[in-house]
Amino acid sequence: MKRPILRWVILLSLLLVLSQGVWGEDFPKPIGPVNDFAGIIPASEKQNMDILAREVLQKTGTSVVVVTMPTIEDVDGEYV
């Protein structure tokens, strides 16, 4: 008997390991629902967004995540 599910799990695991080496170093580690790596969200707004995101998760089970980056590859974030 063949085990196609096991093959898919192995293949997906291998792809995840390989992609981590290729793309994993380019992104900072997430720190919560609001990840302001560009430093453009005022502290009071960041706190409000964090509270709202956690409330949405608690009430609906849906995650809301905000990420800002200073650049995307060679493109400045202001122009995206």
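In which strand does D36 lie? In this predicted model, D36 belongs to strand β1, which covers residues 34-36, and the description below places this residue within the protein chain as a whole before turning to its surroundings and to the residues of helix α2.

The protein chain contains two helices and four strands, and these elements follow one another along the sequence in the pattern α-β-α-β-β-β. Of the 80 residues in the protein chain, 9% are buried. The accessible surface of the protein chain amounts to about 7100 Å², and carbon and sulfur atoms contribute 63% of that surface. Among the contacts in the protein chain with a separation of 6 or more, 51% join residues that stand 24 or more positions apart.

The confidence of the prediction also belongs to this general picture. The mean pLDDT of the protein chain is 76, and 56% of the residues reach a score of at least 70. Confidence is highest in helix α2, made up of residues 43-60, where the mean is 92, and it is lowest in strand β4, made up of residues 75-76, where the mean is 59.

Within strand β1, the charged residue D36 is buried and yet takes part in no salt bridge. The nearest side chain of opposite charge is that of K46, at a distance of 5.6 Å, whereas a salt bridge requires a side-chain nitrogen of Lys or Arg within 4 Å of a carboxyl oxygen of Asp or Glu. The side chain of D36 does, however, make a polar contact with the side chain of T68, at 2.5 Å. When neighbours within four places in sequence are set aside, the residues in contact with D36 are I41 and T68.

The partner in that polar contact, T68, is found in strand β2, which spans residues 66-68. T68 has a relative accessible area of 13% and therefore counts as buried, since the limit for a buried residue is under 20%. Beyond the residues up to four places away in sequence, T68 touches N35, D36, F37, A38, G39, I40 and I41. The contact between D36 and T68 thus appears from both sides, once in the list for D36 and once in the list for T68.

Although D36 has no salt bridge, the model does contain two salt bridges. In one of them, the side chains of D50 and R54 meet at 2.8 Å, taken from N to O. Both residues lie in helix α2, where they are four residues apart, or about one turn of the helix. D50 is partly exposed, with a relative accessibility of 21%, and R54 is likewise partly exposed, with a relative accessible area of 46%.

A salt bridge also joins the side chains of E55 and K59, with an N to O distance of 2.9 Å. E55 and K59 are separated by about one helical turn because they stand four residues apart in helix α2. E55 counts as partly exposed at a relative accessible area of 34%, whereas K59 counts as exposed at a relative accessibility of 63%.

Helix α2 also holds M49 and V56. M49 is partly exposed, with 28% relative accessibility, and, apart from residues up to four places away in sequence, M49 touches V34, I41 and V66. I41 is thus a contact of M49 and also a contact of D36. The C-alpha atoms of M49 and V64 are 9.5 Å apart, with their positions 15 residues apart along the chain. V56, at 26% relative accessibility, is partly exposed as well, and its contacts, once residues up to four places away are left out, are G61, T62 and V64.

The loop between α2 and β2 contains V65, which is exposed, with a relative accessible area of 55%. V65 and V34 are 31 residues apart in sequence, while their C-alpha atoms are 5.9 Å apart in space. Leaving out neighbours within four places in sequence, V65 is in contact with P33 and N35; N35 is also among the residues that T68 touches.

Methods:
Residues numbered from 1 in each chain as written. Heavy atoms only, no water. Buried < 20%, exposed > 50% of the residue type's maximum accessible area, 1.4 Å probe, protein only. Contact = heavy atoms within 4.5 Å. Areas by Shrake-Rupley, 256 points an atom, 1.4 Å probe, with all protein chains shown as cover. pLDDT = per-residue confidence, 0-100. Lys, Arg positive; Asp, Glu negative; His and termini not counted. Polar contact = N/O pair within 3.5 Å; in protein donor to acceptor, adjacent residues only side chain to side chain.
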